[in-house]
Amino acid sequence: MDNAQLLISGLANGCVYGLIALGFVLIYKATEAVNFAQGDFMMLGAFVTIGLTNTEYMGLPFWMALPISLSIMAAVGYLVDRLIIRRLFGESQSAVVILTIAMGFVIRFVAGLIWGHEPQTLQNPLAGKDIRFGGLVLGLEDVAVIVVTLLLTIGLYLFFSRTKLGLAMQAASQNQLAAYYMGIPVKQVQGVIWALAGVVACIAGILFAAKGSVDPTTGLLGIKAFAAAVIGGFGSLPGALAGGLIVGVIEPFASRYIAAGYSQVAPYALLLAVLIFRPNGLFSQVRAKKV
Amino acid sequence: MNDPILMIRNIESFYGPIQAIRGVSLDVLEGQIVSILGANGAGKTTLMKTVSGVMDPEKGRINLNGKDIQGLEPHEVVQRGIVHVPEGREVFPLMTVDENLTLGAYTISDKSLIERDRELVFHYFPVLKARRQQEAGTLSGGQQQMLAIGRGLMASPKIMLLDEPSLGLSPILVQEIFGILRRLNDEQKMTMVLVEQNANAALELAHHGYVMELGRIVMDGSAEDLMKSEDIQNFYLGVQEEGARENRRWKRKKTWR
Ligand SMILES: Nc1ncnc2c1ncn2[C@@H]1O[C@H](COP(=O)(O)OP(=O)(O)OP(=O)(O)O)[C@@H](O)[C@H]1O
Ligand SMILES: [Mg+2]
């Protein structure tokens with residue numbers, strides 16, 4: 001019984017990691033570089049939503065704030081690509097990496113200035129409610145996190161496999177030059193992917209801030225999500241989600257059954273094991289990417 | 001019919017400080033197959049990249065149907081009717097044959113036109129139809145080349161730029177693919193610019209030919225004339241007299257400038 005509850009809360013946490021990992025993978029596919037500010041995007045998305053909804057700030061109804069904050073984060077993602085990343089075209093990937101790390105510092109600093117450094121919770125319609133299921137008491141927020149993540153992943157999957165734009169995004173990541181030859185406007189497509197990564201980060205942030213609380217350093221859990229993305233193979237969206245779930249589930253069980261101090265290390269120990277035994281990740285696509 | 005559909009005038013292209021195209025001019029008439037021959041590094045691929053907008057020329061004009069297109073973005077060039085089938089096929093390896101074809105039609109929004117073109121591709125390349133759901137990366141080299149050409153056709157182009165479609169294929173496959181290109185030209189009136197190392201096959205197929213050396217056009221003429229030309233015979237068709245081919249190449253090159 002207890003274990004089942006651990007599992008559910010682990011899955012809910014894992015969903016948030018998974019969503020951030022999705023963002024990592026999206027950007028990696030588009031830009032061939034890792035956006036180390038993805039966790040901070042999440043934190044920013046959470047604070048933007050808090051700023052719009054919470055009564056001590058603007059106090060908009062949640063459902064009205066939602067589309068606004070999603071649009072804001074889409075714009076942030078798009079502009080980061082447009083104004084910053086695209087300038088680095090042709091530079092080495094480490095330039096992009098260092099830049100995104102710096103961007104993370106800036107976002108944390110700015111968020112601290114605007115919203116302060118106290119942890120804050122997103123006021124939302126589901127707060128404090130729970131559902132009883134057999135003997136289980138499940139926070140409605142945990143359930144919502146799992147459901148939303150599932151729907152989002154299915155949505156993204158359908159988008160990438162069924163729509164022309166989604167196919168074009170895949171194409172651009174598999175063979176950028178050929179994508180140009182086929183008349184795919186690769187740069188615009190990449191901008192859209194950054195916008196999408198902003199939206200996914202925002203959703204992750206909303207879910208995280210609804211079931212817990214955020215402060216400007218929350219984005220640093222992006223490191224765990226990065227581990228999740230690597231465990232998932234860093235190339236596939238379902239892999240990223242699965243990696244997130246694995247890390248999320250390991251954590252509470254490790255802290256229950258392993259001595260404190262060691263339990264924190266569990267996700268990274270798994271990461272290390274995966275890197276040693278399956279260097280391409282648990283869910284890697286078998287063939288290496290061309291070009 | 002007799003105005004060139006594609007007119008290239010004094011194009012110069014650079015890779016950073018390195019000049020790869022040194023003032024190339026050529027004409028392509030509607031319905032023609034024009035072949036560009038030349039040794040490795042002559043600048044053939046660079047010329048095609050410049051036409052398709054993947055590279056911008058430093059100088060010169062590229063004119064399609066009376067409109068200048070130099071410096072346009074690649075997708076704008078595709079929309080205007082020029083598609084580039086790249087050297088080395090460059091299919092999308094993790095996508096199915098069908099998805100590759102769908103992407104070839106990225107600039108087309110008319111669904112019925114896309115399906116018509118897909119049927120056309122399957123008509124000329126039945127093997128692709130049989131393997132619609134196979135991942136492109138797992139096709140054989142020849143099948144990938146067919147897919148690359150088919151994917152190009154999906155853009156409903158007026159002109160196809162084909163960069164070394166014979167690369168790495170067996171002589172029989174080269175014959176098969178060139179046969180299909182000829183039928184596309186005959187039956188669909190497809191205008192083609194064909195870059196080739198395989199001068200024999202290319203000149204047999206083409207109406208007109210250009211020879212490139214070190215970023216310049218050094219010779220041009222009807223395919224028949226080129227086929228008869230001694231220079232071509234020696235350097236590209238492999239008909240050589242006994243002895244020092246290298247020396248000869250040197251001398252001839254001098255006479256071309
Ligand atoms: N990306 C690049 N950067 C710098 N120089 C390049 C680049 N690509 C090609 N070149 C140079 O430009 C010249 C022309 O190359 P290009 O690829 O156009 O030749 P090609 O005629 O297509 O040769 P091949 O028959 O081998 O394909 C060569 O000297 C080559 O070294
Ligand atoms: Mg070439």
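# A guided tour, starting at A:Trp115

Select A:Trp115 to begin: with a relative accessible area of 13%, A:Trp115 is buried, since burial here means a value under 20%. What you have open is a predicted model, and it scores ipTM 0.86 and pTM 0.84.

Keep A:Trp115 selected and show its helix, which is α4 of chain A, covering residues 93–115. Next, display the residues in contact with A:Trp115 beyond four places in sequence, which are A:Leu44, A:Phe47, A:Val48, A:Gly51, A:Tyr57 and A:Gln120. Then pick A:Ile50, which is 65 residues away from A:Trp115 in sequence, while their C-alpha atoms are 9.1 Å apart in space.

**Chain A as a whole**

Now zoom out and colour chain A by secondary structure, where you can trace eleven helices and two strands. Read from the N terminus, the elements follow the order α-α-α-α-β-β-α-α-α-α-α-α-α. The radius of gyration of chain A is 19 Å, close to the 19 Å that the globule rule gives for 291 residues, so chain A is as compact as a globular protein of that length. If you turn the chain along its principal axes, the C-alpha trace spans about 60 × 50 × 35 Å.

Switch on the surface of chain A, and you are looking at an accessible area of about 12,900 Å², of which 70% belongs to carbon and sulfur atoms. Of the 291 residues in this chain, 51% count as buried. Among the contacts in chain A with a separation of 6 or more, 74% are between residues 24 or more positions apart. Colouring by charge brings up 17 positive and 12 negative side chains in chain A, and the centres of these two sets lie 15 Å apart.

**A:Asp81 in helix α3**

Go next to helix α3 of chain A, residues 62–84, and select A:Asp81 within that helix. Is A:Asp81 buried or exposed? With a relative accessible area of 3%, A:Asp81 is buried. Setting aside residues up to four places away in sequence, the residues that A:Asp81 touches are A:Arg86, A:Lys187, A:Gln190, A:Gly191 and A:Trp194.

**Helix α6 and its surroundings**

Move on to helix α6 of chain A, residues 164–174, in which eight of the eleven residues are buried, so this helix is largely enclosed by the rest of the structure. Among the buried residues of α6(A) that you can label are A:Gly166, A:Leu167, A:Met169 and A:Gln174. Which elements do the buried residues of α6(A) pack against? In chain A they pack against α1 (2–31), α5 (140–162), α7 (176–181) and α8 (186–211), and together with these comes α3 (97–104) of chain B.

**Across to chain B**

Follow chain B to the loop between β6 (82–85) and α3, where you will find B:Glu90. B:Glu90 has a phi near 55 degrees, a positive value in a residue other than glycine, and B:Glu90 is buried, with a relative accessible area of 15%.

Another stop is B:Glu164, in the loop between β7 (159–163) and α7 (171–188) of chain B. Although B:Glu164 is not a glycine, its phi is positive, at about 45 degrees, and at 5% relative accessibility B:Glu164 counts as buried.

Finish by colouring chain B by confidence: the average pLDDT is 90, and 90% of the residues score at least 70. Over residues 240–257 of chain B, however, pLDDT stays under 50, and for this stretch the model has 24 contacts beyond four places in sequence. Where pLDDT is low, the predicted coordinates should not be read in detail.

Key: Residues are numbered from 1 along each chain as its sequence is written. Chains are lettered from A and ligands numbered from 1 in the order in which they are written. This is a predicted model: local features need pLDDT of at least 70, side-chain atom pairs count only at pLDDT 80 or more; totals for chains, interfaces and linings use all residues. Side-chain values use heavy atoms; hydrogens and water are left out. Helices (H or I, at least four residues) and strands (E, at least two) are DSSP runs, numbered from the N terminus. The radius of gyration is taken over C-alpha atoms; the globule rule is 2.2 Å times the number of residues to the power 0.38. Buried means under 20% relative accessible area, exposed over 50%, partly exposed in between (1.4 Å probe, protein chains only). Contact means heavy atoms within 4.5 Å. Accessible areas come from the Shrake-Rupley method with a 1.4 Å probe; for residues, only the protein chains shown count as cover. Lys and Arg count as positive and Asp and Glu as negative; His and the chain ends are not counted. The place of a charge is taken as NZ of Lys, CZ of Arg, CG of Asp or CD of Glu. pLDDT is the predictor's confidence in each residue, from 0 to 100.
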